[in-house]
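Hi,

Here is the model I promised to pass on. Have a look at it first, and then read my notes underneath.

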Amino acid sequence: MELWYTEKHTANVGMICKIRGTLLRKRSPYQEIAVIDTEQFGRMLLLDGIVQTTVADEFVYHEMIAHVPLNAHPNPRKVAVIGGGDGGTIREIVKHDTVEKAVLVEIDAEVIEASRRYLPEISCGLDDERVEILIADGIEHIRQSKNVYDVIIIDSTDPVGPAVGLFAPEFYGSVYEALKDDGIMVAQTESPYYEPEQVARVFTGVNSHFPITKLYLAHIPSYSSGLWSFTIGSKKHDPAVINRGKPQVCGTKYYNADVHTAAFALPEFVRQLVKP
Ligand code: AG3
(Lines give C-alpha, C1' and ligand atoms only; values in the text may rest on other atoms or scores of the structure.)
Protein backbone atom coordinates (compact mmCIF):
# COMPACT_ATOMS: atom_id res chain seq x y z
CA MET A 1 0.00 0.00 0.00
CA GLU A 2 1.33 3.45 -0.86
CA LEU A 3 0.79 6.38 1.49
CA TRP A 4 0.90 9.95 0.16
CA TYR A 5 0.87 13.34 1.86
CA THR A 6 -0.92 16.15 0.03
CA GLU A 7 -0.48 19.90 0.55
CA LYS A 8 -2.91 22.13 -1.30
CA HIS A 9 -1.10 25.22 -2.52
CA THR A 10 -4.31 26.82 -3.81
CA ALA A 11 -7.83 25.46 -4.12
CA ASN A 12 -6.79 24.00 -7.47
CA VAL A 13 -3.21 22.81 -7.22
CA GLY A 14 -0.98 21.08 -4.74
CA MET A 15 2.00 18.84 -4.07
CA ILE A 16 1.90 15.16 -3.18
CA CYS A 17 4.77 13.22 -1.61
CA LYS A 18 5.02 9.49 -1.12
CA ILE A 19 5.68 8.80 2.56
CA ARG A 20 7.49 6.05 4.41
CA GLY A 21 5.71 6.86 7.63
CA THR A 22 4.55 9.36 10.23
CA LEU A 23 6.97 9.95 13.10
CA LEU A 24 4.94 12.45 15.08
CA ARG A 25 1.47 13.87 14.97
CA LYS A 26 0.16 15.93 17.90
CA ARG A 27 -1.69 19.09 18.84
CA SER A 28 0.10 21.78 20.80
CA PRO A 29 -1.79 24.72 22.32
CA TYR A 30 -1.00 26.63 19.11
CA GLN A 31 -1.12 24.23 16.18
CA GLU A 32 -0.97 20.69 14.86
CA ILE A 33 2.64 19.50 14.66
CA ALA A 34 3.69 16.59 12.45
CA VAL A 35 6.95 15.06 11.28
CA ILE A 36 6.62 12.72 8.33
CA ASP A 37 9.27 10.74 6.49
CA THR A 38 9.01 11.25 2.72
CA GLU A 39 10.77 9.39 -0.09
CA GLN A 40 11.76 12.56 -1.94
CA PHE A 41 12.63 15.08 0.77
CA GLY A 42 13.41 12.88 3.78
CA ARG A 43 11.93 14.05 7.08
CA MET A 44 9.52 16.94 6.79
CA LEU A 45 8.12 19.23 9.51
CA LEU A 46 4.48 20.20 9.03
CA LEU A 47 2.60 22.81 11.04
CA ASP A 48 -1.16 22.77 10.52
CA GLY A 49 -0.54 20.62 7.46
CA ILE A 50 1.86 23.07 5.76
CA VAL A 51 5.47 22.17 4.95
CA GLN A 52 7.84 24.19 7.10
CA THR A 53 11.09 22.53 6.30
CA THR A 54 12.53 19.29 4.93
CA VAL A 55 15.88 17.65 5.50
CA ALA A 56 16.60 17.65 1.75
CA ASP A 57 16.02 21.30 0.85
CA GLU A 58 16.09 23.22 4.17
CA PHE A 59 19.55 24.55 3.33
CA VAL A 60 18.15 26.92 0.72
CA TYR A 61 15.75 28.66 3.07
CA HIS A 62 17.97 28.73 6.15
CA GLU A 63 21.09 29.90 4.35
CA MET A 64 19.22 32.60 2.47
CA ILE A 65 17.27 33.96 5.42
CA ALA A 66 20.42 34.13 7.59
CA HIS A 67 23.47 34.90 5.46
CA VAL A 68 21.98 37.67 3.34
CA PRO A 69 21.29 40.04 6.28
CA LEU A 70 24.32 38.87 8.29
CA ASN A 71 26.71 39.45 5.39
CA ALA A 72 25.17 42.79 4.49
CA HIS A 73 25.80 43.99 8.05
CA PRO A 74 29.42 44.91 8.83
CA ASN A 75 29.49 43.51 12.36
CA PRO A 76 26.39 41.57 13.47
CA ARG A 77 26.84 40.80 17.16
CA LYS A 78 23.34 40.45 18.55
CA VAL A 79 20.71 38.68 16.45
CA ALA A 80 17.08 37.71 17.13
CA VAL A 81 15.03 35.06 15.38
CA ILE A 82 11.26 35.35 15.72
CA GLY A 83 9.69 31.92 15.21
CA GLY A 84 12.11 29.45 13.66
CA GLY A 85 11.66 26.85 16.41
CA ASP A 86 13.11 24.09 14.22
CA GLY A 87 16.50 25.78 14.75
CA GLY A 88 17.69 25.86 11.12
CA THR A 89 18.08 29.64 11.02
CA ILE A 90 19.97 29.62 14.33
CA ARG A 91 22.30 26.90 12.97
CA GLU A 92 23.31 29.27 10.13
CA ILE A 93 23.58 32.34 12.40
CA VAL A 94 26.05 30.71 14.78
CA LYS A 95 28.40 30.05 11.84
CA HIS A 96 29.20 33.79 12.01
CA ASP A 97 32.08 34.44 14.37
CA THR A 98 31.00 38.04 14.96
CA VAL A 99 27.78 36.83 16.58
CA GLU A 100 27.96 37.03 20.38
CA LYS A 101 24.34 36.30 21.10
CA ALA A 102 21.48 34.77 19.12
CA VAL A 103 18.06 34.94 20.77
CA LEU A 104 15.37 32.56 19.52
CA VAL A 105 11.86 33.75 20.39
CA GLU A 106 9.49 30.87 19.66
CA ILE A 107 5.92 30.83 20.91
CA ASP A 108 5.52 27.04 20.75
CA ALA A 109 7.96 24.99 22.84
CA GLU A 110 6.62 21.80 21.26
CA VAL A 111 8.03 22.78 17.84
CA ILE A 112 11.50 22.98 19.40
CA GLU A 113 11.01 19.63 21.14
CA ALA A 114 9.85 17.98 17.90
CA SER A 115 12.80 19.35 15.97
CA ARG A 116 15.33 18.37 18.63
CA ARG A 117 13.95 14.84 18.63
CA TYR A 118 13.28 14.18 14.93
CA LEU A 119 15.37 16.74 13.01
CA PRO A 120 18.78 16.77 14.72
CA GLU A 121 20.60 17.94 11.58
CA ILE A 122 18.43 21.08 11.58
CA SER A 123 18.14 21.75 15.32
CA CYS A 124 21.81 21.11 16.19
CA GLY A 125 22.72 24.83 16.39
CA LEU A 126 20.31 25.34 19.31
CA ASP A 127 22.94 23.92 21.66
CA ASP A 128 25.52 26.58 20.79
CA GLU A 129 26.46 28.47 23.97
CA ARG A 130 25.68 31.84 22.34
CA VAL A 131 22.03 30.84 21.86
CA GLU A 132 19.30 31.92 24.25
CA ILE A 133 15.87 30.35 23.80
CA LEU A 134 12.80 32.27 24.93
CA ILE A 135 9.42 30.60 24.80
CA ALA A 136 7.44 33.75 24.29
CA ASP A 137 5.33 35.83 21.95
CA GLY A 138 7.73 37.36 19.41
CA ILE A 139 5.55 40.42 18.94
CA GLU A 140 5.71 41.24 22.67
CA HIS A 141 9.44 40.57 22.84
CA ILE A 142 10.15 42.90 19.94
CA ARG A 143 7.79 45.56 21.33
CA GLN A 144 9.74 45.56 24.60
CA SER A 145 13.20 45.66 22.95
CA LYS A 146 14.61 49.06 22.04
CA ASN A 147 17.88 49.61 20.22
CA VAL A 148 19.06 46.09 21.06
CA TYR A 149 19.63 44.00 17.93
CA ASP A 150 21.92 44.26 14.90
CA VAL A 151 19.81 41.84 12.88
CA ILE A 152 16.24 40.55 13.37
CA ILE A 153 15.08 37.55 11.35
CA ILE A 154 11.36 36.76 11.14
CA ASP A 155 11.18 33.04 10.41
CA SER A 156 7.43 32.63 10.65
CA THR A 157 4.73 30.31 9.39
CA ASP A 158 2.28 31.53 6.75
CA PRO A 159 0.17 34.61 7.62
CA VAL A 160 -2.70 32.65 9.16
CA GLY A 161 -3.28 31.70 12.83
CA PRO A 162 -0.48 32.54 15.29
CA ALA A 163 1.67 34.33 12.68
CA VAL A 164 -0.84 36.94 11.44
CA GLY A 165 0.59 39.72 13.63
CA LEU A 166 4.10 39.11 12.26
CA PHE A 167 2.93 40.35 8.85
CA ALA A 168 1.28 43.56 10.13
CA PRO A 169 2.83 46.98 9.31
CA GLU A 170 2.80 48.02 13.02
CA PHE A 171 5.01 45.06 13.81
CA TYR A 172 7.69 46.30 11.40
CA GLY A 173 7.58 49.62 13.29
CA SER A 174 8.43 47.74 16.51
CA VAL A 175 11.17 45.84 14.67
CA TYR A 176 12.64 49.18 13.55
CA GLU A 177 12.73 50.37 17.17
CA ALA A 178 14.25 47.11 18.39
CA LEU A 179 17.16 47.44 15.95
CA LYS A 180 20.30 49.46 16.54
CA ASP A 181 20.87 52.45 14.28
CA ASP A 182 22.43 50.44 11.47
CA GLY A 183 20.25 47.35 11.96
CA ILE A 184 18.75 45.08 9.35
CA MET A 185 15.57 42.97 9.42
CA VAL A 186 14.44 40.21 7.12
CA ALA A 187 11.17 38.29 6.93
CA GLN A 188 10.10 35.26 4.94
CA THR A 189 7.31 36.60 2.75
CA GLU A 190 5.73 33.74 0.79
CA SER A 191 5.45 32.95 -2.90
CA PRO A 192 5.18 35.92 -5.26
CA TYR A 193 3.55 33.60 -7.79
CA TYR A 194 0.65 32.46 -5.60
CA GLU A 195 0.55 35.30 -3.07
CA PRO A 196 1.30 38.49 -5.02
CA GLU A 197 -0.94 40.72 -2.88
CA GLN A 198 0.70 39.43 0.28
CA VAL A 199 4.18 40.18 -1.06
CA ALA A 200 3.13 43.69 -2.11
CA ARG A 201 1.42 44.37 1.24
CA VAL A 202 4.41 43.30 3.34
CA PHE A 203 6.80 45.27 1.16
CA THR A 204 4.71 48.42 1.65
CA GLY A 205 4.56 47.75 5.41
CA VAL A 206 8.33 47.35 5.77
CA ASN A 207 8.97 50.27 3.43
CA SER A 208 6.79 52.56 5.56
CA HIS A 209 9.36 52.22 8.38
CA PHE A 210 12.73 51.45 6.76
CA PRO A 211 14.66 53.82 4.46
CA ILE A 212 15.97 50.87 2.42
CA THR A 213 13.56 48.03 1.60
CA LYS A 214 14.32 45.28 -0.89
CA LEU A 215 12.94 41.93 -1.92
CA TYR A 216 15.05 38.90 -2.77
CA LEU A 217 14.23 35.43 -4.01
CA ALA A 218 15.33 31.84 -3.65
CA HIS A 219 14.25 28.56 -5.17
CA ILE A 220 12.78 26.21 -2.54
CA PRO A 221 11.49 22.96 -4.12
CA SER A 222 9.17 21.90 -1.26
CA TYR A 223 7.39 25.28 -0.98
CA SER A 224 4.43 26.27 -3.11
CA SER A 225 5.50 27.30 -6.64
CA GLY A 226 9.15 26.89 -5.61
CA LEU A 227 9.77 30.63 -5.98
CA TRP A 228 10.08 32.12 -2.49
CA SER A 229 10.48 35.72 -1.35
CA PHE A 230 12.22 37.44 1.54
CA THR A 231 11.68 41.10 2.39
CA ILE A 232 14.58 42.96 3.91
CA GLY A 233 14.50 46.33 5.63
CA SER A 234 17.68 48.18 6.46
CA LYS A 235 18.39 51.40 8.33
CA LYS A 236 21.72 52.15 6.70
CA HIS A 237 23.52 49.40 4.76
CA ASP A 238 22.45 48.35 1.26
CA PRO A 239 21.39 44.72 1.84
CA ALA A 240 22.23 43.72 -1.73
CA VAL A 241 25.90 44.53 -1.13
CA ILE A 242 28.07 42.03 0.74
CA ASN A 243 30.30 43.54 3.35
CA ARG A 244 33.56 41.95 2.29
CA GLY A 245 35.43 43.37 5.26
CA LYS A 246 34.09 40.67 7.58
CA PRO A 247 35.01 36.98 7.54
CA GLN A 248 32.84 34.98 5.16
CA VAL A 249 31.06 31.78 6.15
CA CYS A 250 32.25 28.68 4.25
CA GLY A 251 30.58 25.37 3.49
CA THR A 252 27.20 26.65 2.31
CA LYS A 253 25.24 24.69 -0.30
CA TYR A 254 23.10 27.44 -1.86
CA TYR A 255 24.39 30.79 -0.64
CA ASN A 256 27.53 32.35 -2.10
CA ALA A 257 28.61 35.88 -2.96
CA ASP A 258 27.21 35.71 -6.51
CA VAL A 259 23.88 34.33 -5.27
CA HIS A 260 23.69 37.11 -2.65
CA THR A 261 23.79 39.75 -5.35
CA ALA A 262 21.76 37.80 -7.91
CA ALA A 263 18.92 37.06 -5.46
CA PHE A 264 17.95 40.74 -5.63
CA ALA A 265 17.43 40.58 -9.41
CA LEU A 266 13.66 40.30 -9.74
CA PRO A 267 11.65 38.87 -12.62
CA GLU A 268 9.47 41.59 -14.11
CA PHE A 269 6.17 40.39 -12.59
CA VAL A 270 7.78 40.43 -9.14
CA ARG A 271 9.41 43.80 -9.69
CA GLN A 272 6.01 45.27 -10.50
CA LEU A 273 4.72 44.07 -7.10
CA VAL A 274 7.28 46.07 -5.17
CA LYS A 275 7.52 49.15 -7.35
CA PRO A 276 7.44 52.32 -5.24
N1 AG3 B 1 9.07 29.07 7.89
C2 AG3 B 1 8.46 29.42 6.62
C3 AG3 B 1 7.42 28.49 6.22
C4 AG3 B 1 6.57 28.94 5.12
C5 AG3 B 1 6.12 27.76 4.42
N6 AG3 B 1 4.96 28.05 3.67
C7 AG3 B 1 4.49 27.21 2.77
N8 AG3 B 1 5.11 26.12 2.47
N9 AG3 B 1 3.36 27.55 2.20
C10 AG3 B 1 9.79 27.89 7.85
C11 AG3 B 1 10.47 27.57 9.09
C12 AG3 B 1 11.80 27.04 8.81
N13 AG3 B 1 12.71 27.43 9.79
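Before the strands come up: I call two strands paired if DSSP finds at least two bridges between them. Helices (H or I, at least four residues) and strands (E, at least two) are DSSP runs, numbered from the N terminus. The usual small print: this is a predicted model, where local features need pLDDT of at least 70 and side-chain atom pairs count only at pLDDT 80 or more, while totals for chains, interfaces and linings use all residues. Residues are numbered from 1 along each chain as its sequence is written, and side-chain values use heavy atoms, with hydrogens and water left out.

Let's start with β3. Strand β2 (residues 14-27) pairs with β3 in the antiparallel sense, with seven bridges between them. Gly 21 sits opposite Asp 37 of β3, and the hairpin from β2 to β3 goes through four residues. On to β4 (residues 42-47): β3 pairs with this strand too, again in the antiparallel sense, over six bridges. Here Ala 34 has Leu 46 in β4 as its bridge partner, and a hairpin of three residues makes the link from β3 to β4. What about burial (buried is under 20% relative accessible area, exposed over 50%, partly exposed in between, with a 1.4 Å probe and protein chains only)? Six of the seven residues of β3 (residues 32-38) are buried, so the rest of the structure largely encloses this strand.

Now the open sheet. Seven strands make it up, in the order β8-β7-β6-β9-β10-β12-β11, and the pairing is mixed. β8 (131-135) and β11 (212-219) are the edge strands; each has a single partner, so one side of each has no neighbour in the sheet. On average, neighbouring strands here are turned by 15 degrees against each other, direction ignored. For angles, axes are lines fitted to C-alpha atoms (for helices over the stretch in contact), and values run from 0 to 180 degrees between N-to-C directions.

At the β8 end, β7 (residues 101-106) and β8 run parallel and are joined by five bridges. Leu 104 stands opposite Ile 133 in β8. Helix α3 (residues 109-118) lies across β7 and β8, at about 135 degrees to β8; contact means heavy atoms within 4.5 Å.

Then there is the ligand. Which residues come nearest to it? Of the 13 around the ligand, they are His 62, Asp 86, Asp 155, Ser 156 and Asp 158; a residue is near if one of its heavy atoms lies within 4 Å. As for polar contacts (pairs of N or O atoms within 3.5 Å), a ligand nitrogen is 2.8 Å from a side-chain N or O atom of Asp 155. A nitrogen of the ligand is also 3.2 Å from a side-chain N or O atom of Tyr 61, and one is 3.2 Å from a polar backbone atom of Val 51. The protein covers 97% of the 400 Å² of accessible area the ligand has on its own (Shrake-Rupley, 1.4 Å probe).

Two backbone oddities to finish. Most residues other than glycine have a negative phi. Asp 48, in the loop between β4 and β5 (50-54), has a positive phi of about 45 degrees; at 44% relative accessibility, this residue counts as partly exposed. Ser 225, in the loop between β11 and β12 (227-234), has a positive phi of about 70 degrees and, at 34% relative accessibility, is partly exposed.

Cheers

Key: A polar contact is a pair of N or O atoms within 3.5 Å; within protein, one must be able to donate a hydrogen and the other to accept it, and residues adjacent in sequence count only if both atoms are side-chain atoms.
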